[in-house]
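Thanks for coming. Please have a look at the sequence and the structure on the screen, and then I will go through one part of it.

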Amino acid sequence: MGVLSRNAMDKLLRQAGKIRVSHPAKQALAGVLEEQALEIAREAKKYAEHAGRRTITDKDVRLAVKSL
């Protein structure tokens, strides 16, 4: 597993409904979220660089989410 913990994935999946969650389901969700987060981060980096900054701000992240 990458950056996101199985425990965090378990909590997210259980918030959708009070059911048991398999280990592969936790891994699958983590993989999908990590891919999407990386794509958002790359886009946010572009916004920060375009603005002449070396720091990604919350506005960059929000713009990245909207643009994707």
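At roughly what angle do the axes of helix 2 and helix 3 cross? Before I answer, keep in mind that this is a predicted model. Helix 2 covers residues 23-50 and helix 3 covers residues 58-67, and their axes cross at roughly 120 degrees. The axes come within 8 Å. Angles of 65 to 115 degrees count as roughly perpendicular and angles over 145 as roughly antiparallel, and the two helices are therefore oblique to each other. As for handedness, helix 2 passes helix 3 in a right-handed crossing.

Which residues meet there? On the helix 2 side they are I40, E43, A44, Y47 and A48. On the helix 3 side they are D60, V61, L63, A64, V65 and S67. By type, the residues of this contact divide into eight nonpolar, one polar and two charged.

A general point helps with reading those numbers. An α-helix has 3.6 residues a turn, so residues three or four places apart point the same way.

Now to helix 2 itself. It has 28 residues, and from its first C-alpha to its last it reaches 41 Å. At 1.5 Å a residue one would expect 40 Å, so the span is close to that.

Which residues of helix 2 are buried? They are K26, A30, E43, A44 and A48. The buried residues of helix 2 pack against helix 1, which is residues 6-15, and against helix 3. E43, A44 and A48 are also in the list of residues that meet helix 3.

Let me take two further residues of helix 2, starting with L29. Is L29 buried, partly exposed or exposed? Buried means under 20% relative accessible area. L29 has 22% relative accessibility, so L29 counts as partly exposed. Leaving out residues up to four places away in sequence, L29 touches M9, L12 and L13. With M9, the C-alpha atoms are 6.7 Å apart, although the two residues are 20 residues apart along the chain.

The second one is I40, also in helix 2. Its relative accessible area is 24%, so I40 is partly exposed as well. Not counting neighbours within four places in sequence, I40 is in contact with V61, A64, V65 and L68. From I40 to S67 the distance is 9.2 Å, C-alpha to C-alpha, across 27 residues of sequence.

That is what I have on helix 2. I will take questions now.

Key. Residues are numbered from 1 along each chain as its sequence is written. This is a predicted model: local features need pLDDT of at least 70, side-chain atom pairs count only at pLDDT 80 or more; totals for chains, interfaces and linings use all residues. Side-chain values use heavy atoms; hydrogens and water are left out. Axes are lines fitted to C-alpha atoms, for helices over the stretch in contact, and angles run from 0 to 180 degrees between N-to-C directions. Helices (H or I, at least four residues) and strands (E, at least two) are DSSP runs, numbered from the N terminus. Angles under 35 degrees count as roughly parallel, over 145 as roughly antiparallel, 65 to 115 as roughly perpendicular and the rest as oblique. A crossing is left-handed if the near helix is turned anticlockwise from the far one by less than a right angle, and right-handed if clockwise. Contact means heavy atoms within 4.5 Å. Ala, Val, Leu, Ile, Met, Phe, Trp, Tyr, Cys and Pro count as nonpolar, Asp, Glu, Lys and Arg as charged, and the others, Gly among them, as polar. Buried means under 20% relative accessible area, exposed over 50%, partly exposed in between (1.4 Å probe, protein chains only).
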